[in-house]
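Got the viewer open? Here's a walk through the structure, one selection at a time.

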Amino acid sequence: MPRNIKATYANGTRSFDGKPGKAYWQNRGKYDMTITVTPETRMVTGTETIQYTNNSKDTLAGLVIRFVNNVHKTESPRANYVSKDFLTTGLVITSFTVNGTKYEVNAKNWGTVGGVKLKSPLLPGQTAAVNIDWNYPLSKEGERDGQVDSTTFYAAYAYPRISVYDDYNGWDFLPHLGRNEFYNDFNDYKLAVKAPKDYVVWATGDLLNPDEVLQPAVSAKLKKSYVSDEVTSIATSQEMKAGKITQQKAWNTWRFTANNITDVTFALSNHYAWDAGSVVVDAKANRRTSVQSAYNEKAKDFPHAVEWSKAALAWFSNNLPGVPYPFSKMTAFQGYADMEYPMMVNDTSTPDLPFSQFVMNHEIAHTWFPFYMGINETDFPFMDEGWATTLEYFIGTAQQGKEAAENMYKEFRVKRWILDPSAEEDQPIITQGTQISGSGYGNNAYVKPSLAYMGLKDMLGDEGFNKALHEYMERWNGKHPIPWDFFFSINDASKQDLNWYWNNWFFSNNYIDLAIEKVSIKGNKYTVDIKNIGGFAVPVDMKITYADGKEERVHKTPVVWKANQKQTTVEINAKGKIQSIVIDGGIFMDAKPADNSWKI
Ligand SMILES: [Zn+2]
C-alpha cells in the first residue's frame, strides 16, 4: 500500500473492513451550462455556472480546472502519434469569475489541466459559484470526440470542469494524454445545447423540452417510445433532410438534465437516422429506460442498436452484475470511438454484426464500472475495464453460446497478452495506469484483471461471488472506491482473508504457466504434481482420458494455490486405467502448453 493510501486509512476516510470510512467525503458540483455548436466553423461556445462545494477538511487555496479536449491542442503532451486533423487550437477562456469576482484567466499555456489561484480560499464546507465562458474548435478527425462527418459531431469533454480533489491525491493534476481514461466527481447537470435548424441533439440526461425542439408528431412518437416495448423510427435520414423533424426555427435549444452523474456528453447531426424504444430495467419498481440510437442509414449494424442495447440493459440488470441499470436513458451513437460515456456509447460501425454487438455490450457494461461506481479510471483502469471485459464474456455466453464467447475471449483478449513474453506484459496489475504504456497498459487494464475476477467467481461460487460483488457495489456506488476498498470489501463480504489471492493477481509479475511435473500411480489412485511456473493462482482443469477412450474432467478452483503458490498436488480416484492427463485451462490460457500433458 503506497504511503498516500495508508494515510487515508489512518485518517478514517477509508476503512480496513472495506466500507467507506466514517470520515469519508467527496466534493461535488452543480453545473448549469449553455453550449452552442456552429457546424460551419466547428466552434463550440459555452457559458456555465458551477456551484462547487468543498466537503473536505482542507482549505482550498486554488481551483484546478480540467479540459480534457485540450488533448487536441498542438502543444499538449500525448501518449500517441496523431494526424494533423486531430489537432486544434484548444481552449480559450473569455470570462472567469468566482462568487462574482472577476479573474484574469488565460488558458493559453494550459494543457488538459490548469490552476487558478483563488483571491479568497474556499474553506471546508463552503460553496463557490464559478462562472466560466469558453470556446474551442471541434477537431476535424473524430475519435472520442470531434467531427464524425461534415454535419455530424460528437461533443464530449466539451466544458471546463473542476478536477477531482480527493483524500488520496489531493487535486488531480494528471494530464490527460489520450490513452488513459477519466476520473470525475458526481455532479448535477443542467445542459442546454443550441444547434441550428434541422439538427437533432442526443445527450446524456432527460430531454426536458421535446415539444419546443421537435415537430408535434415527432415529439409524440418519442414520448410514446418511452413506454413501449417496440423499436420505432423517430426520424429517417430522408425526413431529417426534408425538414420534417425539428422545429423550423433558425436555432433550437435542446434542454437536458442529469443528476448525480460523472459527466454529460452530446452529439448532433442533421441527417442521422434516429430510432427509439424502451425496456424495463427494474421489474420490482417497474422502471423503464429509454433506449435510442443515432446512425448513418448506410450502416448495416446500427439499425439493430436499439434492440441490442435493450437486450444488454435487461441482461446486465438481471444477471451480472445483477444491479438494475441506474439511468433513465441510453443512446447508441455511430462515430469512431468505441467508447463509453454516461448514458451514451459512441461506436464504430462494422459489417460484422456479432462483433458490433460485442463492442456495444462492452461499452454498455461500463455503465456499472466506472460510472455507477465512480472509478478513477486514470489511476486504476483495471477497476473498470477488467469488469467490462468480464461482463462482455458472460453476456456473450448467454447470447452466442459458451463456445463462441470463449473463442472470442481467447482470440481477442487472452492471446494478445499470454503469447507475448515481453517484460511490459507482466507488470503488476496494480501499477498506476499513468505509469504504464504499450500493450502492457491494455492487458493490465482488460484481460489480466478480468481473469482475476473470473477466478474469484470460481473460488467463491456464483452465489458467494454475487453476494460479495453486490456488497462492494452497494457500499461504493456514487463514491470513489480505490483497489483496496474493493479487496477489503470482498474479504469482508465473503468472510475470507483473500489477501493471498489479491497479492498473487494484482501485486505480482505473474503470468499463466502450469506444468505437470510428475504422476504417481498407486492402484486406482493417481497423484498429479503440478508446478506453477507462471505463478498466477488459476483454476486447474484437467482432461483425463482412460484406456477405453472414456473421458473425465477434473476441476479445482484457485484455492489449491492458497498454501503454496509454486506447487500443488491433485489426487484422482481413477475409474480405470488412465491413458493421458492434459491440463486445459480454457480461457485461462497457458503460456507454454507443451508441458501440460502426461501419457502412460
Ligand atoms: Zn472498455
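Start by selecting residues 273-282 and 287-295: these are strands β19 and β20, which run antiparallel and are joined by nine bridges. Keep in mind as you click around that this is a predicted model. To see one rung of that ladder, pick D282, whose bridge partner in β20 is R287. Now look at the loop between β19 and β20, where you'll find N286. Its phi is near 50°, a positive value in a residue that isn't glycine. That's worth a second look because most residues other than glycine have a negative phi. Is N286 buried or exposed? N286 has a relative accessible area of 57%, so it counts as exposed.

Zoom out to the whole sheet. β19 and β20 belong to an open sheet of six strands, ordered β16-β19-β20-β21-β23-β22, and the pairing is mixed. The edges are β16 (232-235) and β22 (339-341); each has a single partner strand, so one side of each has no neighbour in the sheet. From one strand to the next, the twist averages 25°.

Next, select residues 305-318. That's helix α5, lying across β19, β20 and β21 (329-334) and running at about 15° to β19. Follow the chain from α5 into the loop that leads to β21 and stop at P321. The peptide bond between L320 and P321 is cis, with omega about 0°. P321 is buried, as its relative accessible area is 0%. Show what surrounds P321: leaving out residues up to four places away in sequence, it touches F316, W368, L391, L469, H470 and M473.

There's another cis bond to visit. Go to F369 and P370, which are joined by a cis peptide bond with omega about 20°. P370 sits in helix α7 (residues 367-372).

Now for the metal. Which protein atoms are the donors of the zinc ion? Select H362 and H366, which each give NE2, and E385, which is listed with two OE donors; they lie 2.0 to 2.8 Å from the zinc ion. Along the chain, the donors follow the spacing H-x3-H-x18-E. The angles subtended by the four donor atoms run from 51 to 155°, which makes the arrangement irregular. For comparison, ideal angles for four tetrahedral donors are 109.5 degrees. H362 and H366 are both buried.

From E385, move along to the helices. Select α10 (residues 438-445), where G440, Y441, N443, N444 and A445 are buried. What do the buried residues of α10 pack against? Their packing partners are α8 (385-400), α9 (402-418) and α11.

Stay with α11 for a moment and colour the nonpolar residues. The largest nonpolar core has 185 residues, and F266, Y472 and M542 have the most contacts inside it. Helix α11 (residues 447-476) supplies the largest share of this core, 14 residues. Pick F266 and show its contacts: beyond its neighbours within four places in sequence, they include I35, V37, F153, W202 and M344.

M542 takes you to the next stop. Select residues 540-546, strand β26: five of its seven residues are buried, so the strand is largely enclosed by the rest of the structure. Two strands pair with it. Strand β27 (residues 551-556) runs antiparallel to β26 and is joined to it by six bridges, with V554 as the bridge partner of M542. In the hairpin these two form, four residues lie between the strands, and G549 has a positive phi near 90°. Strand β29 (residues 578-583) also pairs with β26 in the antiparallel sense, over five bridges; here I544 is partnered by I581.

Finish with another sheet, the open one with three strands in the order β24-β25-β28, paired antiparallel. β24 (514-522) and β28 (567-573) are the edge strands, each pairing on one side only. Ignoring direction, neighbouring strands here are turned by 20° against each other on average. Select β25 (residues 525-532) alongside β28 and you'll have an antiparallel pair with seven bridges. Your last click is Y526, whose bridge partner in β28 is I572.

Definitions and conventions
Residues are numbered from 1 along each chain as its sequence is written. This is a predicted model: local features need pLDDT of at least 70, side-chain atom pairs count only at pLDDT 80 or more; totals for chains, interfaces and linings use all residues. Side-chain values use heavy atoms; hydrogens and water are left out. Buried means under 20% relative accessible area, exposed over 50%, partly exposed in between (1.4 Å probe, protein chains only). Two strands pair if DSSP finds at least two bridges between them. Axes are lines fitted to C-alpha atoms, for helices over the stretch in contact, and angles run from 0 to 180 degrees between N-to-C directions. Contact means heavy atoms within 4.5 Å. Donors are N, O and S atoms within 2.8 Å of the metal (3.2 Å for Na, K and Ca); water is not among the atoms, so sites may look incomplete. Four donors count as tetrahedral if all angles lie between 85 and 135 degrees; four count as square planar and six as octahedral if opposite donors are over 155 degrees apart and all others between 65 and 115; anything else is irregular. A nonpolar core is a set of buried Ala, Val, Leu, Ile, Met, Phe, Trp, Tyr and Cys residues joined through side-chain atoms within 4.5 Å.
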